[in-house]
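Open the model in your viewer and keep the sequence panel visible. The stops below go through the sheet, then the helices, the cores and the cysteines.

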Amino acid sequence: MILETERLTLTPMTVDDAPLVYPFMSDPEVMAHWDRDAIEDPDEVAATVAAQVAEMARREALYWSIRETASDRFLGYCELVDLDWRHHRGELGFIIAREGWGQGYATESAAALLAHCASPLGLKRMIARTHVGDIRSEKVLMKLGFEQEGYLKGHVDRDGERRDCRLFGLLF
C-alpha cells in the first residue's frame with residue numbers, strides 16, 4: 001500500500017532502501033536520540049533493513065520509506081513497531097535525514113501513518129517514546145495529538161549509559 005500526502009509518498013520499506021537509509025543512520029547527530037549509536041558499517045545498516053523487512057513479513061512491525069513526491073528524494077522512514085493485534089496497539093517512530101529537519105516532514109508523514117493505523121489497520125492506541133532532550137520529536141508528537149503519559153527512568157541502555165525516556169500516548 002502507498003500512502004500519499006500533499007508533499008510526500010510513503011511506501012513499505014524494502015531491502016533496496018538500505019543504501020538510502022545508510023547516510024542518516026551513520027550520522028551521529030541524526031542518531032543522537034535513538035536507542036543505538038550511529039552505524040558506520042553499510043553492511044550493518046543493510047542487515048538492519050533486512051531484519052525490518054522480515055518483521056513486516058511476520059506482521060510484527062511496519063516500516064514506511066518517506067520520499068518527497070516532486071523530487072523522489074529519500075527523506076527517512078516512519079515505523080510502527082511492537083504491533084499487538086489482539087489489543088489493537090503499537091508504537092510509532094520516525095527518523096528524518098538532517099537535510100529534511102524543520103520542514104514538517106516528520107509531522108506530515110506520521111499523520112498519514114496514524115490515519116492508516118486507525119483505518120484500515122484498525123489500531124486503537126499508539127504510543128511513542130522519546131529520549132529526554134529530544135525536543136524536536138516531542139513537538140511533532142504534540143502536534144499529532146499525543147499526550148505525555150509517563151517518564152521512564154533509565155529505560156534505554158545506550159553503550160553503557162542509562163537514558164531516561166518520556167512516554168506519549170494517543171487513543172484513536
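Select residues 3-4 and 8-12 of this predicted model. These are strands β1 and β2, an antiparallel pair joined by 2 bridges. Glutamate 4 has threonine 9 of β2 as its bridge partner. The connection between β1 and β2 is a hairpin of 3 residues.

Add residues 62-68, which form strand β3. β3 also runs antiparallel to β2, and 5 bridges join the two. To find one of these positions, pick leucine 10: its bridge partner in β3 is isoleucine 66.

Now show every strand of the sheet. The sheet is open and has 8 strands, in the order β1-β2-β3-β4-β5-β6-β8-β7, with mixed pairing. Which strands stand at the edges? They are β1 and β7 (147-158); each has a single partner strand, so one side of each lacks a neighbour in the sheet.

Towards the β7 end of that order, select β6 and β8. They run antiparallel and are joined by 7 bridges. Alanine 128 can serve as a marker here, since it stands opposite phenylalanine 168 in β8.

Next, turn on the helices that pack against the strands. Helix α2, residues 42-57, lies across β3 and β4 and runs at about 120° to β3. Helix α4 also packs on the sheet, where it touches β5, β6 and β8. The direction of α4 makes about 160° with that of β6.

Move to helix α3, residues 105-118. Does its length fit that of a regular helix, or what span should be expected? At 1.5 Å a residue, its 14 residues should span 20 Å, and the end C-alpha atoms are 20 Å apart, so the two agree. Of those 14 residues, 11 are buried. Among them are Tyr105, Glu108, Leu113, His116 and Cys117.

Show side chains for the largest nonpolar core, which has 28 residues. Leu80, Leu92, Phe94, Met126 and Phe146 have the most contacts inside this core. At least two residues of the core come from each of β2, β3, β4 (74-84), β5 (89-96), α3, β6 (125-131), α4 (135-143) and β8 (161-171). Helix α3 gives the most, with 6 residues.

Centre the view on leucine 80. Which residues is leucine 80 in contact with, leaving aside its neighbours within four places in sequence? They are Ala61, Leu62, Glu91, Leu92, Leu113, Cys117, Leu121 and Met126. A second, separate core has 19 residues, including Met13, Met56, Phe74 and Val81.

Finish with the cysteines. How many disulfides does the structure hold? The count is 0. Select cysteine 117 and cysteine 78: the sulfur of cysteine 78 is the closest cysteine sulfur to that of cysteine 117, yet at 9.6 Å it is too far for a bond, because a disulfide needs the two sulfur atoms within 2.5 Å. Cysteine 165 is in no disulfide either; its nearest cysteine sulfur, again that of cysteine 78, is 19 Å away. Are cysteine 117 and cysteine 165 buried or exposed? Cysteine 117 counts as buried because its relative accessibility is 0%. Cysteine 165 is likewise buried, at 0% relative accessibility.

Terms used: Residues are numbered from 1 along each chain as its sequence is written. This is a predicted model: local features need pLDDT of at least 70, side-chain atom pairs count only at pLDDT 80 or more; totals for chains, interfaces and linings use all residues. Side-chain values use heavy atoms; hydrogens and water are left out. Buried means under 20% relative accessible area, exposed over 50%, partly exposed in between (1.4 Å probe, protein chains only). Helices (H or I, at least four residues) and strands (E, at least two) are DSSP runs, numbered from the N terminus. The expected span of a helix is 1.5 Å times one less than its number of residues. Two strands pair if DSSP finds at least two bridges between them. A nonpolar core is a set of buried Ala, Val, Leu, Ile, Met, Phe, Trp, Tyr and Cys residues joined through side-chain atoms within 4.5 Å. Contact means heavy atoms within 4.5 Å. Axes are lines fitted to C-alpha atoms, for helices over the stretch in contact, and angles run from 0 to 180 degrees between N-to-C directions.
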